[in-house]
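I opened my notebook to look up how the parts of this model fit together. Here is what I wrote down, entry by entry.

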Protein chains: 2
Amino acid sequence: MKISEASQASGCHLETIRYYERIGLMPSPTRTGSGYRSYSEQDVERLRFITRGRDLGFSLDEIRSLMRLDQNGDLACEDVTRLAQQHLIDVQERIRDLQRVARELERTIRSCGGGVRAQCAILDALKHSPAPGEAA
Amino acid sequence: MKISEASQASGCHLETIRYYERIGLMPSPTRTGSGYRSYSEQDVERLRFITRGRDLGFSLDEIRSLMRLDQNGDLACEDVTRLAQQHLIDVQERIRDLQRVARELERTIRSCGGGVRAQCAILDALKHSPAPGEAA
DNA sequence: CTTGACTCTGTAGTCGCTACGGACTCTACG
DNA sequence: CGTAGAGTCCGTAGCGACTACAGAGTCAAG
């Protein structure tokens, strides 16, 4: 199938497919006589694999590793689990960071509610607060 | 003060200060006879303003807007609040996305716990799950 | 036979930095 | 006075993960 069909079938943006090929994440597909890329069902599965990995927040490098482990066959499971667990930890940390940010924003926005415009509490916070996250 | 001192005083990386100047987020500072940048206390405050904005996840463009609003004086408060609220919504959305990702990862990792290595549940999930987030 | 949709390649832009190379300046020590 | 080392200058390139574009070629339908 042609690249636009592979794109539709995999849910992966057309230009992104070419990008994955360029960086060696996807193999160079076979070509038609006139030079058009021709993808197999297996290629589409690989694209879906990558897309799902991205949806789960894995980096392209991590996905590369996962695919290598997948091809290795034996002993892969442990390594895969380790990679996934580390990734989960990273995600959880990012969540905590963002929650801290959200709390800080809420606090700041709330303090501005009054509407006395002589000085804006939000701008004030940006100017004078002791770096959010630092201190309690 | 020189750039390295301004860097220390503001907590903003030295090269980042030059970068902010290059993109017009910081004004061009005065220069010493030999061409060294010379920063005032006001400049440092501006740098801190930017850094705190970044810590709260605002983009440099949003920070640019905030600073413009700050200089406008009147009527700014409403606009500032709107900007901050929109940003809060974005942050909350990102948190939800990440939480979904974390749940999905936990589920997948858990299902791999057994350790029968004939086929890895994590890789399987990446291969066959109906795109996480889609469907319940 | 022409029109329009598709595909090709290569390159540049995005965001927010960070790092480098090679030249200059300044300070302290001998 | 000379020199070593630290600091600064500028311009450019790299990161990650795309996305967008220009200009050329290809293909199918009317």
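**Entry 1: the interface.** I looked up the buried area (the accessible area, with a 1.4 Å probe, that two parts lose on being put together, summed over both). Chain A and chain B bury about 4100 Å² between them, and 77% of that lies on carbon and sulfur atoms. On the chain A side, A:Arg52, A:Leu56 and A:Leu126 lose the most area to chain B, together 17% of what that side buries. I then looked up contacts (heavy atoms within 4.5 Å): 43 residues come from chain A and 42 residues from chain B.

**Entry 2: ground rules.** This is a predicted model, where local features need pLDDT of at least 70 and side-chain atom pairs count only at pLDDT 80 or more, while totals for chains, interfaces and linings use all residues. Residues are numbered from 1 along each chain as its sequence is written, chains are lettered from A in the order in which they are written, and side-chain values use heavy atoms, leaving out hydrogens and water.

**Entry 3: symmetry.** I superposed the copies by least squares on C-alpha atoms of residues with pLDDT of at least 70 in both. Chain A lands on chain B after a rotation of 180 degrees with 0.1 Å of shift along the axis, at RMSD 0.2 Å. That is why I noted a two-fold axis. In chain A, the C-alpha of A:Ile95 is the nearest to the axis, 2.9 Å from it. Both copies use the same surface: 98% of the contact residues of chain A recur in chain B.
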